[in-house]
Structure formats: C-alpha cells, structure tokens
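Grab a coffee and work through these exercises with the viewer open. Each one sets a task and then walks through a solution.

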Number of protein chains: 2
Amino acid sequence: MKRVAIGIDIGGTNTVLGVVDENGDVLVKDSISTPNHGDVGKYVASLSESINELIDSVHKLNADAEVMGIGIGAPNGNYYKGTIEQAANLAFKGVVPLVDLLKENFPHLKALALTNDANAAAMGEMIYGGAKGMKNFVMITLGTGLGSGIVVNGDLVYGHDGFAGEVGHTTVIPHGRVCGCGGAGHLEAYCSAPGIKRTVFELLTKYNGGSELTKYSFDELDSKKVFEAAEKGDKVALEAFEITGELLGQGLGDTVCHLSPEAIFLFGGPTAAGDLIFKPTKESMERHVLPIFRNKVEILPSKLKAGSAAIVGASALVWKELEKE
Amino acid sequence: MKRVAIGIDIGGTNTVLGVVDENGDVLVKDSISTPNHGDVGKYVASLSESINELIDSVHKLNADAEVMGIGIGAPNGNYYKGTIEQAANLAFKGVVPLVDLLKENFPHLKALALTNDANAAAMGEMIYGGAKGMKNFVMITLGTGLGSGIVVNGDLVYGHDGFAGEVGHTTVIPHGRVCGCGGAGHLEAYCSAPGIKRTVFELLTKYNGGSELTKYSFDELDSKKVFEAAEKGDKVALEAFEITGELLGQGLGDTVCHLSPEAIFLFGGPTAAGDLIFKPTKESMERHVLPIFRNKVEILPSKLKAGSAAIVGASALVWKELEKE
C-alpha cells in the first residue's frame, strides 16, 4: 500500500491540486479556475469532480495507492473552522465552510484540513523540506505579499481565532508606506516583490535616477528586473536589496524575540537573489536582536520546489492531521 | 491533605520565597539576600535552609500540608536546562545549574522548575489570575524593563533555546533610543518606567519646559511622579502617557500579528496609571494590526497582586509541571 494525500492550493485565479506521496513528490496534478462568481456550490462540485479524476488517475498509476485525506491552502483560511473568511482576492463573500462542504462529498477520507497558504508552506517545509525534525521554526513566503507560518513545539501556531502568523503585517517603519491591508509601515510593504520595486522608485527619487532601472515604468518594473540589474552592479538595485534585507532583518529580529526559533526559512521569487537578500537580512537580524539570541538562528532558503510548493505544502496538512490521531 | 508549592523569585538584591496554596494565597514567606559574591554553593545552602524553614512553618500551620515542588523565577532563567545564564544583574557568572543543585537537597519533591520572571508571571496569571481557562495569551510586565511571557495552546513558549518571549527587545523605532541591552529603538526603551521618564525629558526638550516636571533631575523623576502630574492635567505628563501607549500599542500589534492571542495582560507599576496607559495602547494596537485581528484582542490589567506576584507566579510553575505528568 502506498499512502498518498491530496493537496489543494486556492489562488485568486486558479485552484491547483495534486496527489502527493509521503516523500513530497507530486504524482498527478490538475488545475481548475477559481470562479469569479460567488457560487460556492458550483465551485465545490467542480473541485470535487477534479479530485475524483485525480484519485482515478493515481489508482491507474498504482492500484495500491490509498488516499488518506485532503489538505487545502487558501487565503484567509481558518484551520479551526475549516473555513475561508473574507478573502479579499476571492469572489466568495463572507464565510465559506469549505471543509464541511468537501466532507459531504468525501466522507470516507481520514483527514480533511484547511489553513492559509503560508501555514501550508510551513507544514510542507516540516514534513518534506528543510525543517524536518525541527520543533520551532518560522516560514516566510515572499511574493506579492509576505506570508508566514509559525511552528512552536512541532505545531503550527493558529492563535485564539485561527489567524495567527501574519508577520507581514508587523510594523517596521512607524507611519511608513501604505500596506495593502490599509495599515502603515508594515513589513510586507517593504519586503515583498512589490516592496522591492517601491524601494527602487524611492531610490530613483532620492538620486534623481542614476540607474539602468530608470527606463521602466512602475507597471513594468518587477523584482526579477531589479535582481538582474543588481547582478550587473547597478547601484540602485544593489541598494534596494540592502534596504530590503535591513528591514526584513529588523522584522525577523522581532520574530526571534517573540519565538526564538531554530531557523527561519525564506521561500518565493525574491529569494532567487541569494546572498543579495540573505546576507543583509542575516546581518540586520543579528544587530536587532537581544545578545542572547545572536548567532543562534539560521536564515535558510526553503527546500520546497517553487513549482509544486503550494500543492505539496497543502498535502502536508494531511500527514500532520494523521499524526494527531 | 492540602497541596502547596514553593515559589522563589530571584532578584538582583533579594531572593524572596514563599509557600503558596492552590488558590494562589501565600501562607508563609521569607527573604534572603541574593549574594553579591559569585559563590553559588553558599547561596544554594542558604536558600535551601530558608526553604526548609518555610516547610517547617507551613507544617505548623497545617500538619496535612504536602509540598509538591519548587518553582523559580529568575533573570535569564532557562526552563529547558534549569539554569540561570549570563544574568547581567546577578553576581553569578556563566551558567548556574540551579535546578540540579536544589534537586540534590530536595530529591523527594515531585516538581522543580525554573524560568524567567516574566514567564513565571504568565504562569501565575494562567493558574491563579485573569487568564484562567485561556489557551493563548501574552503577559507583559512593565517595570525597570519590559518583560513578557507568551502562552500558546496552554503552554509557555520557550522556543528552541529556552529564551523565547523577549517582546521588550523588538524594535519599534528604527535607530531609536539606546536600549539597556545595547540595541536601538527597542520597545523596552520606551515602554517601561525609565522609558516613560525618558519620554518626559524628550518632551521637556521639545517644548523647552512647560511642565511641573521641570523641577526634577533625571535621577529624581520616576513614572509615579509622571502619573501624579498627569492626574493634575500636566500636558507634558499626559503627552508622555499618550506616546507610551502609542508605542506599546504598536509593539503589541506586532505581537498580535505573530500570535493572535485572546488577551494581553499588563502587570507592574506603570499600569497604576489605568486609562492613561490602557486607552492609548488599545487604540494604537487596533490601528496597527491587520483588520482581521481588530476588536478581538483584549488588553487587561493583571489580576496578580503586586506584592506577591513574583512568588505566586513562580509557584504556578509547580502546578503546571504536575499537569504534564
């Protein structure tokens, strides 16, 4: 018997799903549109159809495969209630009891769990990735925003209401940049793909240009272009990464003072910049923390594969649930 | 049979200890000098003597009393190892294995545990105080510094190395005031008794006086005098509390984004200022957090009694240890 789990990642445009084995390998995968209408019933029906097709496919590959459960990563996912709540980027309004709805269609599965995408990534890192065997670590996902999943004593921290782990919305610059959430000076407004772009434009303003990045409009520039310019020695691009690292290190220093984790994993597009981002982040974090924490906390690149991390992370929830039994 | 626990609080000058019952009432107490020499053996001997005297006293009060264990709160206390490590305010250098040393003298006790003072206060709040029944909360102790104890899923968060929960050393103002730890802009440098005083002097500088507090030297002024002036309507004193609350709310907002606790308890001298500190803190915290956390997290005064909180908090560790068995 080969035990497998289904991982589902619900994004604003697409829902991707796949069958993952206990090594974190994706055996089969599929993708459906995340609807732009608000009809949850219809969505659950098409999602369930896709799940059933995946189960059929995996049984064709391996007749012995046993599907143990479904794990879901979704924006504003609430683990305690199995719901998606007021997700700004999804068409569903209010509270969607997705776990209960799927349970009706898959009553025989042993585990069915949902959490937000960054928590799912943290689970993926713990079950399949670089955090294997770690009991206290933090996962930071850098992309359009800055997501985080916090693990304490081997368990995800969900907090009182199921929504803990929003490190992206801690304040690093009082009265600073406007954040997507409406707040001011949040870490995510500086340390994310759009945050790096904003820093470049701040520097172009400061120096009145002086960079090959002057040729791009605000719409055109992205963190990949900043990275390419930095590799060629562009001073503004290099300084943008320095500033990003300085502020990320400050924010992660706060995380260390709260939690004293063994390691912090960074995942997502901007981490491709390697030392350009890791080095100033580490230096800044060490400078910001209490001496007792210095040189104890590693900042490591995630070992999850970029292409499949979302599905794989979501599937990890299933193994974690089964552990609890 | 009446179960009791011994609580010990090790301060820079004195070590106070007492026998506490399951309601958090202190039955008998004692105090010895925390030595200014570094001789640990001598200290453990006199501490053990005092413990034995307390045990005798409590047995005279109640022949049925059963001493279940010893809980210790100490600066830089490490729960995992039962040690005090590099505590700046104590004469002992290096690592003091206090739990092991006391175990030799009290081998029959069921529980012997040590943690830092703020963690002990958090345990006290959970076992005897306002956090009874809460699984996720944070304790903040305001005094010479800003200490904190974090509870997640009913357990103190110790982190990877036993030193988690140093919210006082998160950064609220980048490149801000020098902190006692050598860092810059830490929460403790603003939101503590000396922090409030520093804010007053900052405001006296800004306004070139304009307050009844101009008559005090830096050595003379304390947070109690600031409170008394604020009660009389002194504008600088009032603004100092506003600023303290603004920054404390920013810092606690970061804590909420990490942990989403049910409540945050404030303990210590400056909390006597009541609404002057609680109101701006709450307003600022709500403004700084992600909307999903708004109006969910209470900021409450600790229910521990100021005079006995340290002993009572330390004793609570014993009941927590017994729960784990």
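**Exercise 1: the chain as a whole**

Among contacts in chain A between residues at least 6 apart in sequence, what percentage join residues at least 24 apart? Work that out, then describe the overall build of the chain.

Solution. Keep in mind that you're looking at a predicted model.
- Step 1: the share is 62% for contacts that join residues at least 24 apart, out of those between residues at least 6 apart in sequence.
- Step 2: list the elements. Chain A has eight helices and 13 strands.
- Step 3: check the compactness. The radius of gyration of chain A is 20 Å, close to the 20 Å that the globule rule gives for 325 residues, so chain A is as compact as a globular protein of that length.
- Step 4: get the dimensions. Along the principal axes, the C-alpha atoms of chain A fill a box of roughly 60 × 45 × 35 Å.
- Step 5: look at burial. Of the 325 residues in chain A, 60% are buried.

**Exercise 2: the five-stranded sheet**

Trace the open sheet of five strands in chain A and find what lies across it.

Solution.
- Step 1: read off the order, which is E3-E2-E1-E4-E8 in chain A, with mixed pairing.
- Step 2: find the edges. Strands E3 (26–33) and E8 (111–115) of chain A each have a single partner strand, so one side of each is left without a neighbour in the sheet.
- Step 3: check the twist, which averages 20° from one strand to the next.
- Step 4: zoom in on one pair. E1 (residues 2–10) and E2 (residues 14–21) of chain A run antiparallel and share seven bridges. For A:Ile8, the bridge partner in E2(A) is A:Leu17.
- Step 5: add the helices. Helix H1 (residues 40–61) of chain A lies across E1, E2, E3 and E4 of chain A, at about 160° to E3(A). Helix H8 (residues 309–324) of chain A lies across E1, E2, E3, E4 and E8 of chain A, at about 125° to E1(A).

**Exercise 3: the three-stranded sheet**

Now do the same for the open sheet of three strands in chain A.

Solution.
- Step 1: the order is E5-E6-E7 in chain A, and the pairing is antiparallel.
- Step 2: E5 (77–78) and E7 (95–96) of chain A are the edge strands, each pairing on one side only.
- Step 3: E5(A) and E6 (residues 83–85) of chain A are joined by two bridges. In E6(A), A:Ile84 is the bridge partner of A:Gly77.

**Exercise 4: an enclosed helix**

Why is helix H3 (residues 117–127) of chain A said to be largely enclosed by the rest of the structure?

Solution.
- Step 1: count. 10 of the 11 residues of H3 in chain A are buried, so the helix is largely enclosed.
- Step 2: name some of them. The buried residues include A:Ala118, A:Met123, A:Glu125 and A:Ile127.
- Step 3: look at the start of H3(A), where a side-chain oxygen of A:Asn116 comes to within 2.9 Å of the backbone nitrogen of A:Ala118.

**Exercise 5: a serine in chain B**

Is B:Ser192 buried or exposed, and what does B:Ser192 touch?

Solution.
- Step 1: locate B:Ser192 in the loop between strand E11 (155–156) and helix H4 (193–207) of chain B.
- Step 2: B:Ser192 has a relative accessible area of 2%, so it counts as buried.
- Step 3: the B:Ser192 side chain reaches the backbone oxygen of B:Glu188 at 2.7 Å.
- Step 4: leaving out residues up to four places away in sequence, B:Ser192 touches B:Gly143, B:Thr144 and B:Gly145.

**Exercise 6: two copies**

Work out how chains A and B are related.

Solution.
- Step 1: a rotation of 180° with 0.0 Å of shift along its axis superposes chain B on chain A, with an RMSD of 0.0 Å.
- Step 2: that is the relation of a two-fold axis.
- Step 3: 98% of the interface residues of chain B are also interface residues in chain A, so the copies meet through the same surface.

Definitions and conventions. Residues are numbered from 1 along each chain as its sequence is written. Chains are lettered from A and ligands numbered from 1 in the order in which they are written. This is a predicted model: local features need pLDDT of at least 70, side-chain atom pairs count only at pLDDT 80 or more; totals for chains, interfaces and linings use all residues. Side-chain values use heavy atoms; hydrogens and water are left out. Helices (H or I, at least four residues) and strands (E, at least two) are DSSP runs, numbered from the N terminus. Buried means under 20% relative accessible area, exposed over 50%, partly exposed in between (1.4 Å probe, protein chains only). A polar contact is a pair of N or O atoms within 3.5 Å; within protein, one must be able to donate a hydrogen and the other to accept it, and residues adjacent in sequence count only if both atoms are side-chain atoms. Contact means heavy atoms within 4.5 Å. Copies are superposed by least squares on the C-alpha atoms of residues with pLDDT of at least 70 in both. Two strands pair if DSSP finds at least two bridges between them. Axes are lines fitted to C-alpha atoms, for helices over the stretch in contact, and angles run from 0 to 180 degrees between N-to-C directions. The radius of gyration is taken over C-alpha atoms; the globule rule is 2.2 Å times the number of residues to the power 0.38.
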